[in-house]
Amino acid sequence: MADFKIPNPISSLQSAICNSADAVLSVLLAPSCAACEVLLEHPTSGPVCPSCWASILPLTPPLCDQCGDPLPAWRAISVPIARCPRCRRTTRFVDRARAIGAYDGALRAIVHALKYEGRRSLARPLARLMRRRGADVLDGAACVVPVPLHPSRRRQRGFNQATDLARRLYLPVVPALRRVRATTTQTDLPAAQRHRNVRDAFARTRSAQTLEGLVVVLVDDVSTTGATLEACARVLKEGGVREVRALTAARVVGRLMSDTRSW
Ligand SMILES: [Zn+2]
Ligand SMILES: [Zn+2]
């Protein structure tokens, strides 16, 4: 006997509506992928095409246990706790940092579209990937703390992309930090100056008092040298936070350093 399936009238109707909406939107607006600019076949599924999402690869292990930078393969075998030279050399306030992948290709274009073109709907699928690839960072944490923008920049942009991402990580969002000094954009600064640039740029808000003794996760769109995250983590630890982890959408690795913005 033939396998006979009764169609679900509601889901059939939903997909019929989506297909019709896709067809109408494709013809009228011809929207293109925010990352690769190819014409979108299903605009109702979001502003980025499926092949761009599929192209975002995780950073290749072994990774530095602390900052998340890729390490040469031999290090994971020869050292019990794998840490990069930078993390071994200096005191780090961020205990563990992870990202979806390298700030390159489609991921870079998607973060750019979220931040500079106001495509805020991209925060949801980005956060989904952050939850998946940063599961160990989120595990056991009490809350997430978005890296704040200076009020003037926040006004100019109309939103803080870090808050948009943090809201979708399924943990309480605590605005424990504020930016007290407007900093020069990190884009053109060499690594050493980036740390100086963000030093003392952050302060704790009143809600930071509730975080004493807890494990918290800082959230931002991109980690460039980690200078911003370090400055935030230091302020939180001075306020009694036990452990500060960091989860970003993207992370700048190696050769990409000269060509990025940190916010
Ligand atoms: Zn695309
Ligand atoms: Zn490291």
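**Figure 1. The zinc ion (ligand 2) sits in a tetrahedral site, with angles of 104 to 118° among its four donor atoms.** Welcome to the first close-up of this predicted model. The donors here are the SG atoms of C64, C67, C84 and C87, which coordinate the zinc ion (ligand 2) at 2.3 to 2.4 Å. Read along the chain, these donors follow the spacing C-x2-C-x16-C-x2-C. C67 belongs to the loop between α2 (50-54) and α3 (73-78), while C84 belongs to the loop between α3 and α4 (85-89), so this pair ties together parts that are 17 residues apart in sequence. If you are checking solvent accessibility, note that C67 and C84 are both buried. For reference when looking at the angles, the ideal value for four tetrahedral donors is 109.5 degrees.

**Figure 2. Four cysteine SG atoms, from C33, C36, C49 and C52, coordinate the zinc ion (ligand 1).** The coordination distance in this view is 2.3 Å. Which geometry does the site of the zinc ion (ligand 1) have? The site is tetrahedral, and the angles among its four donor atoms run from 106 to 116°. The spacing of the donor residues of the zinc ion (ligand 1) in sequence is C-x2-C-x12-C-x2-C. Through C33 and C52, distant parts of the chain are linked: C33 is in the loop between α1 (9-29) and α2, and C52 is in helix α2, with their positions 19 residues apart in sequence. Both C33 and C52 are buried.

**Figure 3. Helix α10 (residues 191-198) and helix α11 (residues 227-238) cross at roughly 35°.** In this close-up, the axes of α10 and α11 come within 9 Å, and α10 passes α11 in a right-handed crossing. Which residues meet here? From α10 come R194, H195 and V198, and from α11 come A227, T228 and A231. By character, the residues of this contact of α10 with α11 are three nonpolar, two polar and one charged.

**Figure 4. The protein chain that holds these views has eleven helices and six strands.** Here is some context for placing the close-ups. Of the 263 residues in the protein chain, 44% are buried; C67 and C84 are buried residues, and so are C33 and C52. Among contacts in the protein chain with a separation of 6 or more, 72% are between residues 24 or more positions apart.

Note on methods
Residues numbered from 1 in each chain as written. Chains lettered and ligands numbered in written order. Predicted model: local features only at pLDDT ≥ 70, side-chain atom pairs only at ≥ 80, totals over all residues. Heavy atoms only, no water. Axes fitted to C-alpha atoms, helices over the stretch in contact; angles between N-to-C directions. Helix = DSSP H or I, 4+ residues; strand = E, 2+ residues; numbered from the N terminus. Left-handed = near helix turned anticlockwise from the far one by under 90°. Contact = heavy atoms within 4.5 Å. Nonpolar A, V, L, I, M, F, W, Y, C, P; charged D, E, K, R; others polar. Donors = N, O, S within 2.8 Å, 3.2 Å for Na, K, Ca; no water. Tetrahedral: all angles 85-135°; square planar, octahedral: opposite > 155°, others 65-115°. Buried < 20%, exposed > 50% of the residue type's maximum accessible area, 1.4 Å probe, protein only.
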